[in-house]
Amino acid sequence: MTDFAAIDFETANNERSSVCSIGVVVVRGGQITDRLYSLVRPCPNYYCDWNTQVHGLTREDTDHAPLFPEVWSDIAPHITGLPLVAHNSPFDESCLRATFRTYGMEYPNDYVFHCTCRASRRTFGHELPNHQLHTVAARCGYDLTQHHHALADAEACAWIARAIL
């Protein structure tokens, strides 16, 4: 796969629609051509301690951030016609679908997700102790130093996808 958009969402709470940051890395011809990152005011707008412990974001970080429809209108033109890639894609796809539903947005039929976690299990099997993003990224030669920052995670996913998809 040489043309795709790697995507990662961080959420504020247990609701899939509570996207609080988005990272997208666009790959064309096997090369990273674009990196997009935005904080998002989540819906519903509250943070669980567990989520904040994972990614470090708080309500104070996103209270003045744009809402998802505004952020997505900036991202959508960059990913038109590209397959989407995520590590544990069922989570990221469910976040995207839930957020579209929350805002009454029509979900595009051409958003097709590929999963680097599943691809890692097929490719590396028991060679790795687990198939978490940072483990697979390291195996593919990428040093994920800012794990759970949406843009860093999207870039790690792009690196993995270029290596094994």
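**Notes on the predicted model**

1. Let's start at S18, which is buried, with a relative accessibility of 0%. Keep in mind throughout that this is a predicted model. S18 belongs to the loop that links β1 (4-11) to β2 (19-28), so a loop position does not put this residue on the surface: the cut-off for buried is under 20% relative accessible area, and S18 comes in at 0%.

2. What does the S18 side chain reach? It goes to the backbone oxygen of E15, at 2.7 Å. Beyond residues up to four places away in sequence, S18 touches E10, T11, A12 and N13, along with P42, C43 and P44.

3. Two of those partners deserve a look of their own. C43 and P44, both touched by S18, are joined by a cis peptide bond, with omega near 5°. P44 sits in the loop running between β3 (31-39) and α1 (49-55). If you are checking backbone geometry, the bond from C43 to P44 is one to have on your list as cis.

4. Next, the positive phi values. N88 is not a glycine, yet its phi is positive, at about 70°. You'll find N88 in the loop between β4 (84-86) and α4 (89-102). Is N88 buried, exposed or partly exposed? Partly exposed, because its relative accessible area is 38%, and that falls between the 20% and 50% cut-offs.

5. H148 is another non-glycine residue with a positive phi, here near 80°. Its place is the loop between α6 (133-139) and α7 (150-164). With 28% relative accessibility, H148 also counts as partly exposed.

6. On to helix α7, where I160 lies. I160 is buried, at a relative accessible area of 0%. Which residues does I160 contact once neighbours within four places in sequence are set aside? The list is H87, T116, L133, V136, A137, C140 and L165. L133, V136 and A137 in that list fall within the range of α6 (133-139), so this residue of α7 gives a contact between the two helices on either side of the H148 loop.

7. A distance to go with that: I160 and R139 are separated by 21 residues in sequence, while their C-alpha atoms are 8.7 Å apart in space.

8. Now the whole chain. The protein has seven helices and five strands. Read from the N terminus, the order is β-β-β-α-α-α-β-α-β-α-α-α. The radius of gyration is 15 Å, close to the 15 Å that the globule rule gives for 165 residues, so the protein is as compact as a globular protein of that length. The C-alpha trace spans about 40 × 35 × 25 Å along its principal axes.

9. As for packing and contacts, 49% of the 165 residues count as buried. Take the contacts between residues at least 6 apart in sequence: 63% of them join residues at least 24 apart.

10. Last, surface and charge. The protein exposes about 8000 Å², and carbon and sulfur atoms supply 48% of that area. It carries 12 positive and 19 negative charges, and the mean positions of the two sets are 7 Å apart.

Methods:
Residues numbered from 1 in each chain as written. Heavy atoms only, no water. Helix = DSSP H or I, 4+ residues; strand = E, 2+ residues; numbered from the N terminus. Buried < 20%, exposed > 50% of the residue type's maximum accessible area, 1.4 Å probe, protein only. Polar contact = N/O pair within 3.5 Å; in protein donor to acceptor, adjacent residues only side chain to side chain. Contact = heavy atoms within 4.5 Å. Rg over C-alpha atoms; globule rule 2.2 N^0.38 Å. Areas by Shrake-Rupley, 256 points an atom, 1.4 Å probe, with all protein chains shown as cover. Lys, Arg positive; Asp, Glu negative; His and termini not counted. Charge placed at Lys NZ, Arg CZ, Asp CG, Glu CD.
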